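Some labels used for protein structures rest on a cut-off. The questions below ask how each label is earned.

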Amino acid sequence: MDLQWSPKRSDHLVIWSQDITLYQIEECGGDEALRQGSIRLSDTKAAAYLAKITDFPYSKVVEIYPGDVEGLIACGLVNGKIALTSFLNPANNKEIAPKHPRQVLSVQWNKLQPNLLAAGFEKARSDHAVAVWDVTTIGSKQQPNGSSNANPMEDVHPLVELGINETASSLSWVLPKSILIGMNGKHIKLFDLRDSQPKLGNTTSTKAVNGISVDTLCHNRVVSYAENQAFVWDMRNFEKPFVVLNHSKPISKVAWCPTRSGLLACLEKDSTFLTLHDVHHAALSEEGDPAVLERRLYPAYSEDVCNPNCASPPLCSFAWHCSDENLITTCTPKGVLWNSVVFERMTLNWSSTSKFGWSNGKKTILYIDNTDKLYTFLDDISVKMRQRAIDGYGLKTTLRENGMVVQDSETTRNIWLWLDYCKALTEKEKYLVPSVGTLKYPGVRVVLRIDSAVGAPAGSLKSEVVNNTSFDLHNNKTYRSEERSFIQQLCGWNQGVLQDLQGSPTRRAAIALFHLKMRQAIKILNESNHSIVAMAIAGFNDDESSLWRELAQSNCNQLDDPYIRAIFAFLTESDSNYETILKEKEISLADRMGFACSFLPDGKLISFVNELTHDLIKTGNLPEEILDAVLLTGMTTQAIPLLQKYVDYTADIQTVALLVVRTMALEISNSSLLKLWTERYRELLDSWKLWEQRAEFDIVKNTNNPALVPQPEVSVSCNFCGKSISSTGMTNLARSAQLFNRFSASNAKLKLSCCPSCRKPLPRCSICLMHMGTILGTSKELQPLLPSSMTSSEAVACWYTWCQSCRHGGHTLHLQHWFETQAECPVSGCTCKCITLDRVVDFSSGGS
């Protein structure tokens, strides 16, 4: 069985095996029953029966006429005849036959000149392998009953005959008057038919003479095959194939896509899939051979066509649609047809302005942005980041205000609120905890002296052991120290605020119990929906052989709430390790840390913190866990791996960059990673065209670390010695420190009236004759001279400016007043009309 789409009617499909059948494509629903004789091609298309030709059973090859005559086909028969018939009038047939009967191997119409028909035959003595006819000159002798004459017509003569005593395995038209022929299993020959005597234009020796096909979108690209190899040729260099495509099985058919240049489909014998080769994108591999992109196409049959539980049937043929882009139809030996669309490899692009675009076929690019409903499923973090930047995220005065901007993310909000609380607590308690040193955002490791802080004294943790008698508990020892108390306050634990505990009732009850306030814990549970738990706790008995303890230990793991499990684990703990509570990951890190500070001795507490930090850095896989781990490290260099992991999981480089410039700005110049985060966020703001937010970000960064202020790239040099007269250009001067010490008592910006190197005077103002750098006076003295709108730009009035033509200049304010009434330069003898050479800045109108 084989098939072909009509080159003129996009809705006509011809299928032939025993008979030749014409189908018309129509719309159909996925669950809609098909008409009798129709074949389902896809979930939305079906082929409806139109006509059938039964006069030529088992046609070897069939080719649809590409001209304007509808329904005309050419059939190559086993006996060597070529029949021209039509579905509209199948009785009016025309037949062409060679001199000697032999099998027809190939038939092809010339698409540019449809009246030309070429056919290839098996070898016969004293006869040609290829014949070309002009069908407009073919007539037929009619019988009285109107049927066709079965004998070959005597007046039919080919226009061209080629390859005497040879076999034409396949052929293909190249240009209107050029044809490629695979002959004798040895050669591919190109003939030029423009002259009356055909000329051999080019030839190559190869065994791949089957299935010759020319890419209609690139006439220099040709494919042929032999056994399990397909050869792609470039006719401009016919000495060897451009690329060889190897297959695991013998090839039965090859064809170029008529709507996509360079896309080649190959079908292997007894294969359930098509192999697609993108020859257009062939690139040289490391070995120097072209590498062709390859993929497989499996027809996705629907359930009513093919049982999904059964193996896919093998394919026997396929056909590209002539006009529908990348549409290919496959068929099986049992007549199962199916349409498949070869989707292009999409080129994706995600712009900084939240536009997600991709290629969609020829000359078409589709895109969606954050206003599209589909975009919400992408959960693009950049959309949130851009809106937060517009809202001033990270640039607010206090850290708490920045947390209020990100109400949509509880994790991000909590880290800002915690840092604000940590800063306030540190300023209040730092004298009680010497290990904090000068840090503003210390973590547990710094407070416990595991990591050293700047300005902190060395030493080890020493805690006081307290024996509690609040109720009869197996282990009634707790530990107290200023460091432990400080850490518990960082965790939100404070004995003075037990009445204002936050969170769920079970959390509040657990924390009250951990503070040895059993009655308060029972009260909290009894007032909520956990009265049964309260009643169970009320029956607490520390006797190891008691029934209460036995039932509590056996049923503890079956409880759903982690804080209730922690309550029973605490009451039934037989030693002082408390591993059940400390390793309960559903309990917040802060609560576990606060518990450890109360009940673990110094050595076990430090070991627990080290182990917890290691686990979170290595295996933490949730943003909540990663940011909560900042409690352990504080905003120090130890937090850098945690912040990097947060960026890896969330891509929220905005939060990390803002946290760095607000809390770790002094470390940016010492860490390449911190510098990378801040620079990437600056570039992101620039790509969003948020210039003001990027400038404010730079101001915050440079304010917290003046060393990050970039040095000026342009400076004013002395006219006499050529050295810089600015303070930034004097770093190499040995006496620069003594020179500027005179001005240290004043808060005014340093100004010089002479060169600091050669002591020569700086240029004078041509109006007031004062040297450059001389302060004009106080603000009150300048006020009468300044326009009303210029009061906020007094510094501009003292700037020195000059004419680019005559090089004369002075203070900006003086020159502005001069040129209000004068046109020439104020220097005596200079006739330069400075004011007319360029546009004057009008400070009063706000121009620039």
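Q: Are F231 and W233 buried or exposed?
A: In this predicted model, F231 is buried and W233 is buried as well. The label calls for a relative accessible area under 20%.

Q: What makes the pair F231 and W233 stacked?
A: The ring centres of F231 and W233 are 6.1 Å apart, and their planes meet at 25 degrees. Rings pair if their centres lie within 6.5 Å, and planes under 30 degrees apart count as stacked. Both conditions are met, so F231 and W233 are a stacked pair. A search of the whole structure finds 23 aromatic pairs.

Q: Which residues form one aromatic cluster?
A: The cluster is made of W493, F514, F570, Y578, F595 and F599. Of these, F514, F570 and F595 also appear among the residues with the most contacts inside the largest nonpolar core.

Q: How many residues does the largest nonpolar core have, and which helix gives the largest share?
A: This core has 97 residues. Besides the three phenylalanines just named, L571, M593 and L605 are listed for the most contacts inside it. Helix α10, residues 562-571, supplies the largest share, eight residues. A second, separate core has 18 residues, including I96, V104, V135 and V156.

Q: What is M593 in contact with, leaving aside its neighbours within four places in sequence?
A: M593 touches V444, I487, C491, L605, F608, V609, L631 and L632. Contact here stands for heavy atoms within 4.5 Å.

Q: How do you know that K253 lies over the face of F318?
A: K253 is 5.2 Å from the ring centre of F318. The limit on distance is 6 Å, and the charge must also be within 35 degrees of the ring normal. K253 is listed as lying over the face of F318. K760 lies over the face of F720 in the same sense, at 4.7 Å from the ring centre.

Q: Why is there no bond between the sulfurs of C768 and C765?
A: The sulfur of C768 has its closest cysteine sulfur in C765, at 3.7 Å. A disulfide needs the two sulfurs within 2.5 Å, so this pair is too far apart for a bond. By this rule the structure has zero disulfides.

Q: Why is C422 called buried and C768 partly exposed?
A: C422 has a relative accessible area of 0%, which is under 20%, so C422 is buried. C768 has 28%, which falls between 20% and 50%, so C768 is partly exposed.

Q: What makes E95 and K81 a salt bridge?
A: Their closest N and O atoms are 3.9 Å apart. The cut-off is 4 Å, so the pair counts. The pair links distant parts of the chain, 14 residues apart: E95 is in strand β9, and K81 is in the loop between β7 and β8. E95 is buried, because its relative accessible area of 14% is under 20%.

Q: How do you know that R694 and D686 form a salt bridge?
A: The closest N and O atoms of R694 and D686 are 2.9 Å apart, and the cut-off is 4 Å. R694, at 22% relative accessibility, is partly exposed, and D686, at 25%, is partly exposed too. Both residues belong to a network of salt bridges that also links E679, R682, D698 and K701. The count for the structure comes to 31 salt bridges.

Notes: Residues numbered from 1 in each chain as written. Predicted model: local features only at pLDDT ≥ 70, side-chain atom pairs only at ≥ 80, totals over all residues. Heavy atoms only, no water. Phe/Tyr/Trp six-rings, centres within 6.5 Å; stacked < 30°, edge-to-face > 60°. Buried < 20%, exposed > 50% of the residue type's maximum accessible area, 1.4 Å probe, protein only. Core = buried A, V, L, I, M, F, W, Y, C linked by side-chain atoms within 4.5 Å. Helix = DSSP H or I, 4+ residues; strand = E, 2+ residues; numbered from the N terminus. Salt bridge = Lys/Arg side-chain N within 4 Å of Asp/Glu carboxyl O.
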